[in-house]
Amino acid sequence: MASDDFEVMAYKVLAYLDQCMKDGVTPNIGKAQELAKANLTYWAAIVSSLIDDGLIRGASVEHYYDTTTEVSAGPDFALTIKGAAFLRENSGMAKARKFLGKAFEPVLKAAVEATKAL
């Protein structure tokens with residue numbers, strides 16, 4: 001597994017949303033992308049997949065005729081109950097969590113703290 005694998009990036013996004021909710025912080029789509037370290041093309045695919053699978057809400061991905069893509073989120077950007085269960089029970093998420101290890105915890109906390117300051 002590598003840090004730029006789809007599952008690892010998706011895990012980071014879901015974990016970020018989960019931690020924001022636990023800490024009472026409104027998540028930020030830009031901070032989620034920064035944490036995932038995803039380029040725009042990859043980011044759009046990740047967010048689209050998470051939306052399509054019902055794991056997150058409040059985000060959208062728009063593809064325009066001029067080939068530009070916009071990923072955005074409203075104030076209701078959040079993890080769904082299905083997303084919370086997926087984060088804890090899916091084997092791919094378990095592998096991503098194990099790959100990231102304990103070193104990810106302070107990075108995640110820092111991202112949530114930075115989100116508070118926005």
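In the predicted model, Tyr42 has a relative accessible area of 25% and is therefore classed as partly exposed, a value that lies between the limits of 20% for buried and 50% for exposed residues. A search of the whole structure for paired aromatic rings returns two pairs, and Tyr42 belongs to one of them, its partner being Phe6. The centres of these two rings are 6.0 Å apart and their planes enclose an angle of 40°, an arrangement described as tilted. Phe6 is placed in helix α1, which spans residues 6-23, and Tyr42 in helix α3, which spans residues 40-52, so that the pair ties together parts separated by 36 residues in sequence. Like its partner, Phe6 is partly exposed, with a relative accessibility of 29%.

The other pair is formed by Tyr11 and Phe104, whose ring centres lie 6.1 Å apart and whose planes meet at 55°, so this pair, too, is tilted. Tyr11 is again a residue of helix α1, whereas Phe104 belongs to helix α6 (residues 104-116), and the contact therefore ties together parts that are 93 residues apart in sequence. Both rings of this pair belong to buried residues, the relative accessibility being 9% for Tyr11 and 8% for Phe104.

Tyr11 also appears in the description of the hydrophobic interior. The largest nonpolar core comprises 36 residues, and those with the most contacts inside it are Tyr11, Leu14, Tyr16, Trp43, Leu50 and Ile56. Two or more residues are given to this core by each of α1, α2, α3, β1, β2, α5 (residues 91-100) and α6, with the largest share, ten residues, coming from α1. The surroundings of Leu14 illustrate this packing: when residues up to four places away in sequence are not counted, Leu14 touches Leu50, Leu55, Ile56, Leu79, Phe86, Leu87 and Met93. Of these neighbours, Leu50 and Ile56 are themselves listed among the core residues with the most contacts.

Helix α2, one of the elements contributing to the core, was examined separately. Its buried residues are Ile29, Lys31, Ala32, Leu35 and Ala36. Viewed down the helix axis, these buried residues fall within an arc of 160°, so they line one face of α2. In general, an α-helix has 3.6 residues a turn, so residues three or four places apart point the same way. The buried residues of α2 pack against α1, α3, β1, β2 and α6. At the start of the helix, a side-chain oxygen of Asn28 reaches to within 2.8 Å of the backbone nitrogen of Gly30, while just after the helix Lys37 adopts a positive phi of about 60°.

The backbone conformation of Lys37 deserves separate mention, as this residue takes its positive phi although it is not a glycine. Lys37 is found in the loop between α2 (residues 29-36) and α3, where its relative accessible area of 67% places it among exposed residues. A further non-glycine residue with a positive phi, here of about 70°, is Thr67. Thr67 lies in the loop that joins β1 (residues 56-63) and β2 (residues 69-79), and its relative accessibility of 70% likewise corresponds to an exposed position.

Conventions
Residues numbered from 1 in each chain as written. Predicted model: local features only at pLDDT ≥ 70, side-chain atom pairs only at ≥ 80, totals over all residues. Heavy atoms only, no water. Phe/Tyr/Trp six-rings, centres within 6.5 Å; stacked < 30°, edge-to-face > 60°. Helix = DSSP H or I, 4+ residues; strand = E, 2+ residues; numbered from the N terminus. Buried < 20%, exposed > 50% of the residue type's maximum accessible area, 1.4 Å probe, protein only. Core = buried A, V, L, I, M, F, W, Y, C linked by side-chain atoms within 4.5 Å. Contact = heavy atoms within 4.5 Å. Arc of directions from axis to C-beta. Polar contact = N/O pair within 3.5 Å; in protein donor to acceptor, adjacent residues only side chain to side chain.
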